[in-house]
Amino acid sequence: MPFICLLLSGAALLINGLATLERLPRIDAATFSLLLGGTQLVLGVVHLSTGSTGTEDLLAAAGMFLFGLKYAYAGLDGLLGLGSTGLGWFCGMVAFFGLLLAGAWLGTDPLLAVLWVCWAVLWGLLFTSAALGAARLEPFTGWALVLASQVTATVPPFLGLAGLWPRSAAVAWLAALLLAGLFVAARALARRGQDVPRRARESLPAK
């Protein structure tokens with residue numbers, strides 16, 4: 001169940017990232033986020049109703065609810081025009097809990113701990129952009145969401161569903177290096193996108 005929930009999150013990260021980059025209408029992303037977040041909340045309830053009360057089961061359920069609530073809130077925010085400030089502060093809280101979950105998973109599943117650090121950074125970017133009004137970070141945030149959607153929430157759950165989820169520290173270190181490179185690439189893409197309009201303006205003939 002958690003792997004299915006994570007697959008859905010990969011789709012949501014991609015769609016919201018594209019909307020942040022203005023590659024698709026935000027109303028589309030909001031509708032998708034609401035549907036997906038609601039589905040994840042249901043999956044979380046089903047997961048708990050199966051009698052899964054071990055520590056790892058409860059940690060997995062906590063992650064499912066954090067993802068589900070975040071996407072449901074994002075969907076309502078976009079559809080109702082709430083202004084995103086409240087959503088931004090909620091993302092800040094989720095980023096904090098993401099770091100706590102990373103610490104909780106570190107001893108038993110270092111790869112998942114690394115992924116939670118990445119998601120916490122993403123939510124921290126959303127907090128800074130939406131709650132603190134740092135609109136200049138939106139291109140970077142958008143590209144980070146798009147790239148992270150596949151690396152952190154599409155490939156890993158497929159490995160989990162196939163029974164191939166790695167728990168070694170070596171894999172976690174490789175994932176950390178890959179994700180660090182991902183954020184560098186997102187920054188480069190964001191700066192490239194910001195430079196294009198300026199260069200286009202500079203190339204216009206003077207009137």
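**An all-helix chain, starting from Phe 3**

Phe 3 is partly exposed, with a relative accessible area of 28%. Three classes are used here: buried means under 20% relative accessible area, exposed means over 50%, and partly exposed lies in between (1.4 Å probe, protein chains only). This is a predicted model, so local features need pLDDT of at least 70, side-chain atom pairs count only at pLDDT 80 or more, and totals for chains, interfaces and linings use all residues. Residues are numbered from 1 along each chain as its sequence is written, and side-chain values use heavy atoms, with hydrogens and water left out.

Now the fold. The protein has eight helices and zero strands. Its pattern along the sequence is α-α-α-α-α-α-α-α. Helices (H or I, at least four residues) and strands (E, at least two) are DSSP runs, numbered from the N terminus. The C-alpha trace spans about 70 × 40 × 30 Å along its principal axes. The radius of gyration is 18 Å, which agrees with the value near 17 Å for a compact globule of 207 residues. That radius is taken over C-alpha atoms, and the globule rule is 2.2 Å times the number of residues to the power 0.38.

Next, packing and surface. Of the 207 residues, 43% are buried. Among contacts (heavy atoms within 4.5 Å) with a separation of 6 or more, 74% join residues 24 or more positions apart. The protein exposes about 10,500 Å², and carbon and sulfur atoms supply 70% of that area. These areas come from the Shrake-Rupley method with a 1.4 Å probe; for residues, only the protein chains shown count as cover.

Aromatic rings come next. Rings of Phe, Tyr and Trp (its six-membered ring) pair if their centres lie within 6.5 Å; planes under 30 degrees apart count as stacked, over 60 as edge-to-face and the rest as tilted. The whole structure holds eleven such pairs. In one of them, Phe 3 meets Trp 165 at 5.5 Å centre to centre, with 35° between the planes, a tilted pair. The pair links distant parts of the chain: Phe 3 sits in helix α1 (residues 2–20), while Trp 165 sits in the loop between α7 (155–161) and α8 (169–203), 162 residues apart. Trp 165 counts as buried, at 15% relative accessibility. Trp 116 and Trp 123 also form a tilted pair, because their ring centres are 6.1 Å apart and their planes stand at 45°. Trp 116 is buried at 3%. Trp 123 is buried at 3% too. Both belong to one aromatic cluster with Phe 67, Tyr 71 and Trp 119.

Now compare a helix residue with a loop residue. Thr 141 lies in helix α6 (residues 138–153). Thr 141 is buried, with a relative accessible area of 2%. Leaving aside residues up to four places away in sequence, Thr 141 touches Leu 125 and Leu 126. Gly 133 lies in the loop between α5 (110–130) and α6. Gly 133 is exposed at 55%. Its C-alpha atom is separated by 21 Å from that of Leu 13, 120 residues away along the chain.

Two loop residues deserve a backbone check. Most residues other than glycine have a negative phi. Glu 22 has a positive phi near 60°. Glu 22 lies between α1 and α2 (26–49) and is exposed at 66%. Ser 84 has a positive phi of about 75°. The loop of Ser 84 runs between α3 (55–80) and α4 (85–105). Ser 84 is partly exposed, at 26%.
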